[in-house]
Amino acid sequence: MSSVSDQSSPATGSPSGASYAAAGVDIEAGDRAVELMKEWVKKTQRPEVLGGLGGFAGLFDASALKRYERPLLASATDGVGTKVDLARQLGVYDSIGHDLVAMVMDDIVVCGAEPLFMTDYICVGKVHPERVAAIVKGIAEGCVLAGCALVGGETAEHPGLLGPDDFDVAGAGTGVVEADRLLGADRIRTGDAVIAMAASGLHSNGYSLVRHVLFERANLSLDQHVEEFGRTLGEELLEPTKIYSLDCLALTRTTEVHAFSHITGGGLAANLARVIPDGLHAIVDRETWTPAPVFDLVGRTGEVERLELEKTLNMGVGMIAIVPEESADAALATLGDRGVDAWIAGEITERGEHPTGAALIGDYAN
């Protein structure tokens with residue numbers, strides 16, 4: 001970035017010509033935002049992280065990987081989607097950062113990888129330092145829950161493209177897994193148990209449908225109290241996405257795990273199908289759980305067909321673990337000890353009359 005050191009007219013001493021500030025970019029506000037976020041970023045540091053916030057690149061000491069025989073690096077990137085608009089309307093920003101970490105790091109842990117570090121990208125129409133710091137605070141708190149470091153990021157001000165209160169967030173992360181401990185479809189066998197882990201709510205997918213149904217069609221308001229939720233609609237919709245990373249890693253240490261599946265966009269069946277090998281099928285019984293009331297509200301209010309709901313929303317399941325049948329009890333015990341609501345939701349079968357992939361059977365429990 002270049003700048004003009006003297007923008008005053010020799011004749012008048014008054015400012016003349018264009019400037020970055022006149023174009024809408026406030027560098028001083030950006031610097032203030034960095035100062036405010038430093039304390040939160042510091043809380044995420046791991047021993048392998050070198051340097052501090054403000055460098056051109058985050059540094060992670062890769063010599064820590066020498067303990068691996070054949071380390072495989074896992075990488076993922078994601079955002080939070082249109083959920084950010086609800087945060088903007090409510091003026092609540094830290095939960096969005098939490099969501100971002102969940103969307104990135106819970107993808108990485110699916111292959112059995114330990115989350116190592118993350119970077120973020122925050123794009124705003126105008127830098128409000130306290131607002132940016134709140135977003136980073138949420139990201140930092142999420143990184144602590146995921147066991148990874150926040151090693152850097154970027155805050156970009158885009159006046160003219162975004163409104164003064166508009167913003168978006170994205171992030172990228174890296175993890176590591178020993179090659180012979182890589183999880184996935186090639187480990188899955190007939191008879192394996194499908195263990196579901198409860199979602200904390202809608203998580204961060206399907207909000208375009210949710211917003212269309214609840215606000216455009218039903219004209220509901222974010223501040224109205226909903227009896228089934230015991231809180232306002234806005235509070236329910238902003239419930240942070242659960243971060244499963246450390247719970248999944250604990251599972252791999254205490255029992256045998258064949259695969260994980262992070263239930264995001266596409267719903268349970270589509271995401272579970274991504275880890276099912278050719279010739280096998282996953283059968284999940286809807287009667288083993290009851291989706292939270294928010295899913296019923298969306299379906300009932302918008303007259304959304306069940307299959308449409310299931311391919312858009314997580315319907316109450318945020319992560320799946322596929323384990324040998326004989327390991328199911330131990331897996332449930334580990335998750336229970338960690339405060340994770342989990343249950344056996346189905347099993348892996350031969351393909352038979354079903355196509356390769358995953359299917360939901362039965363009706364949801366009442």
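This is a short tour of salt bridges, aromatic contacts and one sheet, stop by stop.

Before you start, note that this is a predicted model, in which local features need pLDDT of at least 70, side-chain atom pairs count only at pLDDT 80 or more, and totals for chains, interfaces and linings use all residues. Residues are numbered from 1 along each chain as its sequence is written, and side-chain values use heavy atoms, with hydrogens and water left out.

**The sheet**

Select β3, β6, β4 and β5 to show an open sheet of 4 strands, in the order β3-β6-β4-β5 and with mixed pairing. Strands here are DSSP runs of E with at least two residues, helices are runs of H or I with at least four, and both are numbered from the N terminus; two strands pair if DSSP finds at least two bridges between them. At the edges you will find β3 (71–79) and β5 (149–157), each pairing on one side only. From one strand to the next, the twist averages 15 degrees.

Now zoom in on β3 and β6, which run antiparallel and are joined by 9 bridges. Pick Ser-75 and look across to Thr-174, its bridge partner in β6. Then add α3, which lies across β3, β4 (114–124) and β6 and runs at about 30 degrees to β6. Contact means heavy atoms within 4.5 Å; axes are lines fitted to C-alpha atoms, for helices over the stretch in contact, with angles from 0 to 180 degrees between N-to-C directions.

**Aromatic pairs**

Next, turn to the rings, where the count comes to 3 aromatic pairs. Rings of Phe, Tyr and Trp (its six-membered ring) pair if their centres lie within 6.5 Å; planes under 30 degrees apart count as stacked, over 60 as edge-to-face and the rest as tilted. Select Tyr-93 and Phe-167: they are edge-to-face, 5.7 Å centre to centre with 70 degrees between the planes. Tyr-93 sits in the loop between α2 (83–90) and α3 (94–108) and Phe-167 in strand β6 (residues 167–178), so the pair ties together parts 74 residues apart in sequence. Phe-167 is buried at 8% relative accessible area, and Tyr-93 is buried at 11% (buried is under 20%, exposed over 50%, partly exposed in between, with a 1.4 Å probe and protein chains only).

Another edge-to-face pair is Trp-289 and Tyr-364, with ring centres 5.4 Å apart and planes at 70 degrees. Both of these residues are buried. Add Trp-343 to see one aromatic cluster of Trp-289, Trp-343 and Tyr-364. Keep Tyr-364 selected and bring in Arg-286, which lies over the face of that ring at 5.9 Å from its centre. A charge sits over a ring if NZ of Lys or CZ of Arg is within 6 Å of the ring centre and within 35 degrees of the ring normal.

**Salt bridges**

Finally, the whole structure holds 17 salt bridges, each a side-chain nitrogen of Lys or Arg within 4 Å of a carboxyl oxygen of Asp or Glu. Start with Arg-338 and Asp-247, at 2.7 Å from N to O. This pair links distant parts of the chain, 91 residues apart: Arg-338 is in the loop between α11 (328–337) and β13 (342–350), Asp-247 in helix α7 (residues 245–254). Asp-247 is buried at 7%, whereas Arg-338 is partly exposed at 38%.

For a bridge inside one helix, select Glu-141 and Lys-137, 3.0 Å apart from N to O. They are 4 residues apart in helix α4 (residues 129–146), and so separated by about one helical turn. End with Asp-85, Arg-88, Asp-166 and Arg-211, which are linked in a network of salt bridges.
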